[in-house]
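Here are a few exercises to work through with the model open beside you. Try each task before reading its solution.

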Amino acid sequence: MTDPLLTIEDLSVRLRTDVESRPILDGVSLTCGSGEIVGLVGESGSGKSVTLRATLGLLPGSAAAEGSIRVDGTEVLGARAADIHRVRAHTASMVFQDPRAHTNPIQRIGDFLTDGLRVVRGMSRRAANDVALGLLQEVGLPDPERHLRQYPHELSGGMLQRVMIATALAGEPRLLLADEPTTALDVTTQAEIVALLSRLRRDRGLSIVFVTHDLDLAVALCDRILVMYAGRVVESAPSSQLSLTPRHPYTAALFASRPTADRAELVAIPGRPLSLYDVPTGCAFAERCALADERCRTERPEEAGAAGNTVACHHAPALTPGGAR
C-alpha cells in the first residue's frame, strides 16, 4: 500500500499577538490518498482554511505550528524555502475562496496564467501561451483566446474561478487544495465547478482536499469528510456513512439545520460557534449541545475509532441515525 499523498498529524497552530499567544488549531490529523477527495466542513472559524494554508506553508509570520505535514513525503513544517517552493511549484496547488482577491485587476488573464509557466517551467512566451489556451479549454471556458486578452473585471465570478483552477493546474500538481471554491456562486455555476473538479480527479488522477460549508455538496463530491469545530476534528467518516448515521451531536445538528424538500421548519443550532481560544475546559460544543452534562463541561473528549472513521464525543452512542435524542 502506497503512502497517502498528504498526511497531517497532530497539527496545532498558535497566533502570537502583542500580549498573548492564541491557539487556532489543536491536534488536527487527516490523510488524502492518490485520486481521493477529502472534505472539510464546519462553521466559520473552525480552522478549515488555516489547515489548507498550513499545508502549503502559507501561515503568517506570527503563527507557530507544531505537528507534522507531509506532502508527497516532504515535511512542510520547518522545511527549507527551496523545498517549500518545490512543493508549491510541482506537487500541490491551492484554489482560494475569492478569485477577485487573488488576481491582479490591471493584469490580463493571459499574463496572469503565462507568467508562472515561464518562471516555474521555463517555457517560452509562445509555449506558455499554448499551454494557457489548453488549460482554459480544460476548465470549460468557451472562448479561451478571447479570455486570455481580458481583464478580471470582464469575467463573471464563475468564469474567474475557472481561471483560478486553470492557474492551479499549470504546475501539473498531484494535490489540489480547494478553499470554498463555490462560495458566492449561483447554484448552476456551483454545480458546474463541482462537475469540473470531479472530472479533473478522474482525468488527471488529482487528489483534492475540498473545504465547504455545504454539507450536501460535500457528501455528493467527497469520498470522506472531516467535521471541524473550534479548531479540532470532531468526527470523520466516509461520506455515505456520515450522512446516514452522524455520531457527533454537532454533525447531527448540521444535517438537521439544512433545508430539504420534505422539511417544513429548519432546526437552528443554539448559541454561537467558538474559536479555539474561547473554548473552556471540556468539550467545545457543550454549551450548544442538548446531550451535554457535567463531564462534557470538564473533560475534553478525545477522538476514538479507526483511522478515517472517528468521533470525539462522550455521548456518541446516544445518537440515533436521525440525530441526537
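**Exercise 1.** Trace the strand order of the open eight-stranded sheet in this predicted model, and find its edges.

*Solution.* Step one: walking across the sheet gives E6-E7-E8-E3-E9-E10-E12-E11, and the pairing is mixed. Step two: look for strands that pair on one side only; these are E6 (92–95) and E11 (304–306). Step three: compare neighbouring strands, which are turned by 20° against each other on average, ignoring direction.

**Exercise 2.** Which helices pack on this sheet, H1 and H2, and what does each one touch?

*Solution.* Start with H1, residues 48–55: its contacts are with E3 (37–41), E6, E7 (175–179), E8 (207–212) and E9 (224–229). The direction of H1 makes about 150° with that of E7. Then turn to H2, residues 81–91, which touches E6 and E7. Relative to E6, the direction of H2 makes an angle of about 70°.

**Exercise 3.** Describe how E11 and E12 pair.

*Solution.* First, E12 covers residues 309–311, and E11 pairs with E12 in the antiparallel sense over three bridges. Next, pick out one bridge: Gly305 has Thr310 in E12 as its partner.

**Exercise 4.** Locate Asp10 and Glu172, and check their phi angles.

*Solution.* Asp10 sits in strand E1 (residues 6–16), and its phi is positive, about 50°, although Asp10 is not a glycine. Glu172 belongs to the loop between H6 (157–169) and E7; its phi is also positive, near 50°.

**Exercise 5.** Characterise the span that UniProt annotates as "domain: ABC transporter".

*Solution.* The unreviewed entry places this feature at residues 6–255. Within that span, 41% is helix and 27% strand, and the end C-alpha atoms lie 28 Å apart.

Notes: Residues numbered from 1 in each chain as written. Predicted model: local features only at pLDDT ≥ 70, side-chain atom pairs only at ≥ 80, totals over all residues. Heavy atoms only, no water. Pairing = 2+ DSSP bridges. Helix = DSSP H or I, 4+ residues; strand = E, 2+ residues; numbered from the N terminus. Axes fitted to C-alpha atoms, helices over the stretch in contact; angles between N-to-C directions. Contact = heavy atoms within 4.5 Å. UniProt positions renumbered as here; feature names shortened; annotations may be inferred.
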